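Let's go through some of the labels people attach to a model like this and see what backs each one up.

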Amino acid sequence: SSGINAEWPLRPGTQVVSVCKIPNLFNSWEQFEDLDEEPFYAALFASTDVKNLYMMFEALGYKGYLGRVTEEQLQQIVKIKQERGWCAVVPEYLDSMMYSNPTCIGLIKRYNELVSSTDSKRIVCSEVTNSLHFVTNEKMYRFHINHPKTTRCPEPTKCGFLIKVTPFSKANPEQFNIQLVTDPALYPADIHLHRDVISADNIHLALEWEVEVNRTAWWNMYISWISKPVYKNEEVVWGEWPCRAAETVRLVVYYDMTK
């Protein structure tokens, strides 16, 4: 199994920061909720909550506008991306977007400024789980990455990082969190973190949902924009997704390789 249960207590008196915030998570959609197209784009393009190009496209997807994005809007996005120094998205990311259509995805892929196979790295967690288990169990999920700045590492097959889920509970829903584990003491023997290289600021975290539409596909659940799960009508709901034992999900990291 590639995930490990997080049962280790933190050492008393340690000054090491054990976890670190991942910037794209738990933003509120309310700022965009009731806006029509023109004010929505104006608010999106001005919002400081949008930390990278992945978040920009996820906002368009969640709003349902990814299937009708125009050349003019994409040119504005190129300008913003260049001004803010963002990396391009990988093509596979766009293929995971629901509420889109192949014509618009093809249009976006024609922009070399927006789509690149090398700017960032897509790392799929090999462990799948169900969405209810994911939000209600404390667990660490592992991701392996060989970064160009760690080429001298004597154990390159063990380079990577752990993502920790702090579970949702009815008694304390706000405690739910997903963070990068930065304390080396929390890493098992078969994976290690290069703390001087790997940064939470370069991680964009996505959750994908397995769906059967003529074939098995994995769809992005847009977790950048759905705040934290809540308990509603006797079940755990995250954004518009009920968290259920029958729904298979997996974590995917898009790691910015340009920084």
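Q: Why is glutamate 155 called partly exposed?
A: In this predicted model, glutamate 155 has a relative accessible area of 38%. Partly exposed covers the range between 20% and 50%, so 38% puts glutamate 155 in that class.

Q: What makes lysine 158 and glutamate 155 a salt bridge?
A: Their side chains come to 3.1 Å, N to O. The cut-off is 4 Å between a Lys or Arg nitrogen and a carboxyl oxygen of Asp or Glu, so the pair qualifies. Lysine 158 counts as partly exposed too, at 24% relative accessibility.

Q: What makes arginine 142 and aspartate 190 a salt bridge, and where do the two sit?
A: The N to O figure is 2.9 Å, and the limit is 4 Å, so the label holds. Arginine 142 is in strand β5 and aspartate 190 is in the loop between β7 and β8, 48 residues apart, so this one links distant parts of the chain.

Q: Are those two partners, arginine 142 and aspartate 190, buried or partly exposed?
A: One of each. Arginine 142 has a relative accessible area of 9%, under the 20% line, so it's buried. Aspartate 190 comes out at 40%, so it's partly exposed.

Q: How do you know that strand β5 is largely enclosed?
A: Count the buried residues: five of the six in β5 (residues 139-144) are buried, so the rest of the structure largely encloses the strand.

Q: What makes β5 and β6 a pair?
A: Six bridges join β5 to β6 (residues 160-166), and the two run antiparallel. Pairing takes at least two bridges, so six is enough. One of the contacts has lysine 139 with valine 165 in β6 as its bridge partner.

Q: How do you know that β11 and β12 pair?
A: They share two bridges, in the antiparallel sense. At least two are needed, so the criterion is met. Here valine 237 stands opposite proline 242 in β12.

Q: Why is aspartate 183 called buried?
A: Its relative accessible area is 1%, and buried means under 20%, so the label fits. Aspartate 183 lies in the loop between β7 (177-181) and β8.

Q: What makes arginine 68 and glutamate 37 a salt bridge?
A: The closest N and O atoms are 3.1 Å apart, within 4 Å, so the pair counts. Arginine 68 is in the loop between α2 and α3 and glutamate 37 is in helix α1, so the bridge ties together parts 31 residues apart in sequence.

Note on methods:
Residues numbered from 1 in each chain as written. Predicted model: local features only at pLDDT ≥ 70, side-chain atom pairs only at ≥ 80, totals over all residues. Heavy atoms only, no water. Helix = DSSP H or I, 4+ residues; strand = E, 2+ residues; numbered from the N terminus. Buried < 20%, exposed > 50% of the residue type's maximum accessible area, 1.4 Å probe, protein only.
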